[in-house]
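Here are my notes on the model you asked me to look over. I start with the ligand site and then move on to the rings and the backbone.

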Amino acid sequence: MLKKIAIFASGSGSNAENIVLHFNQNPSIKVNLILTNNSIAGVLDRAKRLNVPTAVFSAKELKETNTIPSLLKEYDIDFVVLAGFLLKVPDSLIKAYPNRIVNIHPALLPKYGGKGMYGSRVHEAVVAAGEKESGITIHYINEHYDEGNIIFQGKCEVSPSDTPDDVANKVHELEYKYYPSVIENLLNQI
Ligand code: GRF
C-alpha cells in the first residue's frame, strides 16, 4: 500500500526537498503534498521544481476552518511531517492524525524549545549559554509546542569558537542526515 506524506513548511524548505528526494526512489512511500502558510516561501519553488503539488493557506484558515483536514483527505494523506513550520497545529488536526504528525526541532529538547524558539534564535541561545553540544530532536506533535514524545535525537559538538551560524550548519547537516530515515522507519511501522 502506497503511504502518502504531506509536508508543512513555512520557509526555505531545504528539509522538505531533502525528504522528497529521499522517497523518490521508494515505491511504497511518496510525498503527495507540500503545504505552507507563507505565499512567498522558498519551499513553493522547490516543490514546483520537484513536481510536488502545493497548497497555500492562511493562519486563520488553518485555525478556524476545515480546509486543511479536507485537503489532506483529498490527497489521501497518511502521515504529516512538519519541517520548519511555524504555526501551532490545531488540536483538530492532531486528533485526525494521532501519532502521525512529526516535527523536527533544531536543538536538544526539552532545552531551547517552545513558542518563539526557532531558526537562528535557537542557535544564538545555545551559543550564549556556552553549551558544549547541540543537535536535533524529532518528536511527535501534541497540543503544546515542542512537547510531544521524542522519537530521535542527534548531537553535534559546539566549540567555544563556534558562532550561531556555525551551529546552524552543523544542525542542518544532522537534519538532512536523519530526518528522512527516521520518517521512513516510522512509516514502515504503520
Ligand atoms: C530547520 O532548522 C528545522 O529544524 C526547523 O526549521 C528549519 C527549517 O529549515 N524546524 P528549512 O525550511 O527546511 O530549510
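1. In this predicted model, E175 makes a polar contact with the ligand: a side-chain N or O atom of E175 is 2.4 Å from a ligand oxygen. Taken by itself the ligand exposes 360 Å², and the protein buries 84% of that.

2. S14 and S12 also have polar atoms by the ligand. For S14, a polar side-chain atom lies 2.5 Å from an oxygen atom of the ligand. For S12, a backbone N or O atom is involved, at 3.4 Å from a ligand oxygen.

3. Which residues make up the rest of the surroundings? Around the ligand you'll find S12, G13, S14, N15, G84, I104, P106, H172 and E175. That shell breaks down into six polar residues, two nonpolar and one charged. Two helices, α1 (14-23) and α7 (164-187), each supply at least two of the shell residues. As for the pocket, the ligand sits in the largest one.

4. On to the rings. Searching the whole structure turns up four aromatic pairs. One of them is F57 with F85: the ring centres are 6.1 Å apart and the planes meet at 55°, so this pair counts as tilted, the edge-to-face class being kept for angles over 60 degrees. F57 is in the loop between β3 (54-56) and α3 (59-64), while F85 is in the loop between β4 (79-82) and α5 (91-96), so the pair ties together parts that are 28 residues apart in sequence.

5. Two backbone spots deserve a look. Most peptide bonds are trans, and most residues other than glycine have a negative phi. Against that background, the bond joining L109 and P110 is cis, with omega at about 10°. P110 belongs to the loop between β5 (101-105) and α6 (120-128).

6. The other spot is N51. What sign does phi have at N51? Phi is positive there, about 60°, although N51 is not a glycine. You'll find N51 in the loop between α2 (42-49) and β3.

How values were computed. Residues are numbered from 1 along each chain as its sequence is written. This is a predicted model: local features need pLDDT of at least 70, side-chain atom pairs count only at pLDDT 80 or more; totals for chains, interfaces and linings use all residues. Side-chain values use heavy atoms; hydrogens and water are left out. A residue is near a molecule or strand if one of its heavy atoms lies within 4 Å of it. A polar contact is a pair of N or O atoms within 3.5 Å; within protein, one must be able to donate a hydrogen and the other to accept it, and residues adjacent in sequence count only if both atoms are side-chain atoms. Accessible areas come from the Shrake-Rupley method with a 1.4 Å probe; for residues, only the protein chains shown count as cover. On a 1 Å grid over the protein atoms alone, a cavity is a set of points where a 1.4 Å probe fits but cannot get out, and a pocket is an open set with protein on both sides within 12 Å along at least five of seven lines; lining residues have an atom within 4 Å of a point. A molecule sits in a cavity or pocket if more than half of its atoms lie within 2 Å of its grid points. Helices (H or I, at least four residues) and strands (E, at least two) are DSSP runs, numbered from the N terminus. Ala, Val, Leu, Ile, Met, Phe, Trp, Tyr, Cys and Pro count as nonpolar, Asp, Glu, Lys and Arg as charged, and the others, Gly among them, as polar. Rings of Phe, Tyr and Trp (its six-membered ring) pair if their centres lie within 6.5 Å; planes under 30 degrees apart count as stacked, over 60 as edge-to-face and the rest as tilted.
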